[in-house]
Structures are given as structure tokens and as C-alpha cells.
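These are my notebook entries on a structure that I looked through step by step. I recorded what I looked up and what I found.

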Amino acid sequence: MKRLPTELSTRPKSLRDRRFSCVRVALDVPLARLFDYSLPDDMTAAVGDRVVVQFGARQRIGVVMEVGAVSELPVNRVKPLLAIRDDAPRLPADWLELMRFLSAYYQRPLGESVIGALPPRLRSVKPLPRKSVAAVEGEASAAFVPTHRLTQDQSAVFERVAASLGRFDAFLLHGVTGSGKTEIYLHLIARVLERGAQALVLAPEISLTPQLEQRFRQAFPGARLAVMHSGLQDIARTGAWLAAARGDAGIVLGTRLAVLAPMPRLALVLVDEEHDTSFKQQEGLRYSGRDAAVYRAKLAGCPAVLGTATPSLETWYNWQQKRYQRLELPERASPGARLPEVRTVDLRRETPEQGFAPSTLAAIAARLSRGEQSLIFINRRGYAPVLACEACGWTAGCTRCSARMVVHSASRRLRCHHCGAEEAIPRACPTCGNVDLRPLGRGTQRVEETLGARFAGARIVRIDRDSAQRRGELSRTLERVHRGEADILVGTQLLAKGHDFPGLTFVGVLNADAALVSTDYRAAERLFAVLEQVSGRAGRRERPGEVLVQTRYPGHPLFSALARHDFSGFAQSQLDERKAAGFPPFVFEAALRAEAPKLDAALRFLREAARLAEAPPAVRVYDPVPHVITRIAGMERAQLLMQSSSRPALQGYLSALSTALFEAAPRHLRWHLDVDPIEFD
Ligand SMILES: [Zn+2]
Ligand SMILES: [Zn+2]
């Protein structure tokens, strides 16, 4: 039965100023606090209940965070709860703990974080229609059908992780491409399902690359598998969430958002391709799905395994600092399969024709004559334009810090997006005097057409995000490639992930250089990862693979490390550079970003915002900088960077800053904080 707020005011006046007990509710409103509601006599609420409350003119869904709290408000200002929802399981304590942590760490109001983490249907004040949400089919404990017996290396890794079941341990599973990490995951999951427990598996972009899901379904034909990603319809997503939260699903497989699903019997956390940047949420609560997964495992008291061929430098550093244990798979699992041979093509010696060096074209021709497949990889990531001299290789660097300057063509200025320094574009190269200085970092050629004209009759297949968007098209295309109905694949990053093409023996990489001279200090790390991944597509069976990387910087240490498949050497050289330059993981960073109709307003806001809280000496606050693509959808964007070698110092400053901003920021201006940001443009 509902009570109307007017009934409360009929209580004796003497109660008005007495302190009384209430429930504290998290609501999705842009205010960094909880809200007090009274509990009607006929209701029993517990922490974690979803409730309906009146807030202003409308009803909202909330989550009870505290019961029996003492309200500071006069009793007649406190409205009663309108209803308690029991259409979904009560949110468990460890989940609320996770959300409290993420909300505090990533500087986002608790209510927004908690409600935002629920599936769409459970954010609504309407109760869930009981029939509409389909249960996940299958049995709780199902047969396991392994595809292969584990190799000796794989068994050793399996045994090590299995021995940690039942307690928290964080593992870096560092295995070369084709070393069979997935097979180990499957065996571990089988062990977890045998015990009637749940496993959480996070992977990047599973909606675009359905192979992983297929492998899970083949390995566990009867099991209850809940798949979660943002591409699902509301009903399917809510159904999967409920299956996880009720403990029905033995396996929860999803993108980063799956880390936010409650799992009462969670016993294993796996993060595949842990280095992938898509694990970072780029709006609202800007969490790292990978870091959240490790924290979850800690809360659940279970092992977390971060698997990859090319660890992120943060994870690598965590291993060096002994926070994670490293498990290694140094060899490919398939008998006779070796890692491909990687070489560079020096574009200063070989003049490219429409983007292709003669050696690359010859390599494709050789594959065509042998009936083998080639993959032409286009590194399609957009980088901020950097001023470069093609004659001597000079690039414009910042004199105040170790970053490269970004070309802002509209204002004819160079700006450092790290520290905010600014100068005019020089007329000539300061090293060699060349006057033909050009921004480097954009432009992909019409590769497919060039190849079609060059190799008439060859079957060319293009795979990129646009072609993958259409439902089912990617799987159909990949099937054709597997059946050998394609000679040349042209693709972007999307192709680098997890595909296994038996007939593929050559990979050509066209435009790697933009990443080498990028202003983003993570660009080299990402380039190494994507090249190692894409190289990993070649020669996964008996026939050896060959990789050619076209570049103007053949002497770059990245390429020699790549040729040796020496991640460890590469990682060390990168970490040494980052340490010298004062970049993460040696410092901690956060970005404050603002959008306003006019850039000046955004910059002024950022300058003033930084003064709202006093930065302790351990925290460095840089000058604000406009984004390279300043204007998007009628808004102009800028950001400022904050850095500290002490995480607690930075966190303390950020909390003070965000509290002040929630009170003082003008309404017409959009702003947000991004903690551990990975994108600077
Ligand atoms: Zn600088
Ligand atoms: Zn020069």
C-alpha cells in the first residue's frame, strides 16, 4: 500500500525536529550524494533493494545503500518509499562494494554509477513483465567437450591457476599468438562449473567477433551461457544480467559491461586480450573493465587471469612490481607452427606505387601463384597530426616536456597536448633546412581498388568496422575466407583479433609510421600489439608465415623487437622511456574535459576549475589545451591534464575538485573527469 507524502505531515509537530531513522537511496541524478526516504510501516527494505521513489516531479528507480541511517532532515521533508521491487535479485553486498569503489575512484556520483550499471529494463520504474525476459537456456552443470588435449606448457599454466581457485591471485597469462590461451580458459571454466560455481569472461568486441562465443558453446554444449554486450536488445541484455545475478548462468561472457553484472557464485575471472583499449569505458562512469575485473576477483576471493600476447605496459609493470604473477606460453600450440618472419620494407629506398612498395606487391603475387592467402593490414587509427620532415625524419617536439607537438592547421600553431605549450609552425626543418614540412598521421589509400587493378582476377575481401556493422555479414565473410574463397584480405584492427585463417601465409602492413611519430605516448605500445596480433594471423599451421612492414623508420627499435617477437625487450625499452619522460605507469593521470559552444568558454572554465581545489605539491596541474578536433556536434572541446606520482594525492585532489565542480560548475557547460585516461586527441 502506498502512502502519500501528505500523511506524513499529519504526524505530531513534536516529531518534526527529532532525528529519525531513514533509508539512504542512490538515484541517477547529477548530484554526488544519497537521498533520505522514510520507510512506511508496511514495508521492509534491505540494503541492495531496488525501490521506487518520488524525486521532484517524477518517480525514479533507486537502490537502497543504507538502512537505519539517522536523517539530518526535518521529518516532514522526507518522503516515503513508494514501492520495493522484487522482480530481480536484491543487489548483493560485494556488488555494492564494487560500485562504491568504482564511483569513488573514477569520480562519478554513486547514484549515477549504481543505476547506470543496471540493465536498461531494471532502470525503469515499471516492474519487469515476468514473461518477457527469457531465461538463459541450458543446465547448471554441463558436459565439457575439450577440442584438444593440453600441451605440457598449457597444462602447467592450467595447474597453476587451478591451484588458486578459492582465493585471490592475479595472473598475467602471457602467451604468443596461437599458443592456445582459449583452450586453457575452457579447461579452467570446466573446473569451475564442476563445482557449481560461476566464471566471468571479458573479451573485447565479442559482438563483432563471434568466434569466441562459438568456441564456448562448442566446448560446453549444454551449459547456461549468458552473453552480454551493448549490441544486444534491451530484453536480451536484461535476461543475461538476470541469469548472472540469479546464479543461473555458469558462464558470463561479455564486453567490459559484463564486469558490472552481479554473480553470487563467482569463482574465476578471465580477461582475454587484456591490452585492448576497448576495455575502457568512454562515457559516464569511465572505468577500466580490466582493472575493475581484478578488483572484482579480489572482492570475490577468486583468481583473475589477464591473457594476451602483448601485455599492456601497466599490466607488465604490475608483474614487475610483483602485484601480478606471470605465466608464460612461449610457443605455438599447433604442432610444427612457428611464429612468422617479420621484416621491414624501407620506403626511402623503395618508392611506393599507390601505397604499395614493390616488395609487398611481389610477396602478394607469390602467394597468388601458390594459392595461398595474403592479408593487407591498414592501421586505421586516427592520430593527431604531427609536423614531420620527410627528408631527415625530424618531428616537432615540445621544449617543455617529452611529448610531440600537434599541428592545429586552423590557427597555424603547434600545441603540446600534454603540457599546453604553444608555438608557431616553423618555416623549415630545424635539422636539415627542408621547407617542405607536412603533417603526418592521416590518410589511408584506396587499397582495395589498387589491388583489384593490379591483380585482376584475384578475389579480394574487405573487412573493417563498416562492413562488420551489418548483422551477420562479418561471419559470412569470415566463413568464405576459411573455405579458401578469398585470395587477398584487406582489413583494419578488427582483423587482428583472434581469427585463425589456415591458408594465410603473408601479411603486409601499409601505414605503420603515423603511430611511431604520434603525440600519444601509448601509440608505440599499441602499434607493437596490433602488429604482433596481425602477424599472428600468418602461418598458424605448417606453412611458414611472412610479414612485411612498410616504413620510413626501419631502424626504429620497435621493428627489431617485432622481428625477434621480443615483447619483453620492447616493453623494457618503452618503460625506460616512460620513466625518463614521467609518463604512466610511473605517474598517475587524470584529465578534466569541458565542452562549450565556444572554445574560449571551455578553456576559461578549465582554468578556473583547476583553482577550485588547491592542488597539493605532489599533484601537477597543466594548462588547458583544445582538442585537435575541437568542434563536434556544435560544441567545442578542451581538456587539462593532472599528474602525480602518488595515487592517493591525486585521488584526494580529484575528490575535492569534483565536489567543488558539482556545486560550482555552470549549467550550460558539460564537463567530466577521466581517471587513468587512455585517449588524448
Ligand atoms: Zn609539452
Ligand atoms: Zn629535416
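**Entry 1: Two helices that cross**

I worked throughout with a predicted model. I began with helix H9 (residues 313-320) and helix H17 (residues 567-581), whose axes come within 11 Å and cross at roughly 95°. An angle of 65 to 115 degrees counts as roughly perpendicular, and H9 and H17 are therefore roughly perpendicular to each other. I then listed the residues that make the contact. From H9 they are Leu313, Trp316 and Gln320, and from H17 they are Phe567, Ser568, Ala571, Gln572, Gln574, Leu575 and Arg578. Sorted by class, this contact of H9 with H17 has 5 nonpolar, 4 polar and 1 charged residues.

I next looked at the loop between H9 and strand E12 (325-329), where Lys322 lies. Phi of Lys322 is near 65°, which is a positive value in a residue other than glycine. I noted for comparison that most residues other than glycine have a negative phi. Lys322 has a relative accessible area of 74%, so I entered this residue as exposed.

**Entry 2: The loop after H17**

I followed the chain into the loop between H17 and E24, where Pro585 is found. The peptide bond that joins Pro584 and Pro585 is cis, with omega about 10°. In general, most peptide bonds are trans.

**Entry 3: The buried side of H13**

Which residues of helix H13 (residues 473-482) are buried? I found Leu474, Thr477, Leu478 and Val481 to be buried. They cover an arc of only 100° around the axis, so they sit on the same side of H13. After H13 comes Gly484, and I noted that the phi of Gly484 is positive, near 80°.

**Entry 4: The sheet of six strands**

I traced an open sheet of 6 strands in the order E13-E23-E22-E14-E21-E20, and the pairing is parallel. Which strands stand at the edges? They are strand E13 (341-346) and strand E20 (460-463); each has a single partner strand, so one side of each is left without a neighbour in the sheet. From one strand to the next, the twist averages 20°.

I then looked for helices that touch this sheet. Helix H11 (residues 447-454) packs on the sheet and touches strand E14 (373-377), E20 and strand E21 (488-491). The direction of H11 makes about 175° with that of E20. Helix H15 (residues 523-535) lies across E13, E14, E22 and E23, and H15 runs at about 170° to E14.

Within the sheet I checked one pair of strands. Strand E22 (residues 504-509) and strand E23 (residues 546-551) run parallel and are joined by 4 bridges. Gly508 stands opposite Leu548 in E23.

**Entry 5: Arg543**

I located Arg543 in the loop between H15 and E23. Is Arg543 buried or exposed? The relative accessibility of Arg543 is 40%, so Arg543 counts as partly exposed. Not counting residues up to four places away in sequence, Arg543 touches Glu372, Pro502, Gly503 and Thr505. I also compared Arg543 with Cys416: they are 127 residues apart in sequence and 47 Å apart in space, C-alpha to C-alpha.

**Entry 6: Strand E28 and the segment after it**

How many residues of strand E28 (residues 670-675) are buried? I recorded 5 of its 6 residues as buried, and E28 is thus entered as mostly covered. Strand E24 (residues 588-596) runs antiparallel to E28, and 6 bridges join E24 to E28. In E28, Leu673 is the bridge partner of Leu592.

In the segment after E28 I found Asp676. Asp676 has a positive phi of about 50° although it is not a glycine. The relative accessible area of Asp676 is 21%, so Asp676 is partly exposed; the cut-off for buried is under 20%.

**Entry 7: Ala199**

I closed with Ala199, which lies in strand E7 (residues 198-202). Its relative accessibility is 0%, so Ala199 counts as buried. Which residues is Ala199 in contact with, leaving aside its neighbours within four places in sequence? I listed Ile189, Val192, Gly250, Ile251, Val252, Met263, Leu266 and Leu268. Ala199 and Val114 are 85 residues apart in sequence and 22 Å apart in space, C-alpha to C-alpha.

Note on methods:
Residues are numbered from 1 along each chain as its sequence is written. Chains are lettered from A and ligands numbered from 1 in the order in which they are written. This is a predicted model: local features need pLDDT of at least 70, side-chain atom pairs count only at pLDDT 80 or more; totals for chains, interfaces and linings use all residues. Side-chain values use heavy atoms; hydrogens and water are left out. Axes are lines fitted to C-alpha atoms, for helices over the stretch in contact, and angles run from 0 to 180 degrees between N-to-C directions. Helices (H or I, at least four residues) and strands (E, at least two) are DSSP runs, numbered from the N terminus. Angles under 35 degrees count as roughly parallel, over 145 as roughly antiparallel, 65 to 115 as roughly perpendicular and the rest as oblique. Contact means heavy atoms within 4.5 Å. Ala, Val, Leu, Ile, Met, Phe, Trp, Tyr, Cys and Pro count as nonpolar, Asp, Glu, Lys and Arg as charged, and the others, Gly among them, as polar. Buried means under 20% relative accessible area, exposed over 50%, partly exposed in between (1.4 Å probe, protein chains only). The arc is that of the directions from the helix axis to the C-beta atoms. Two strands pair if DSSP finds at least two bridges between them.
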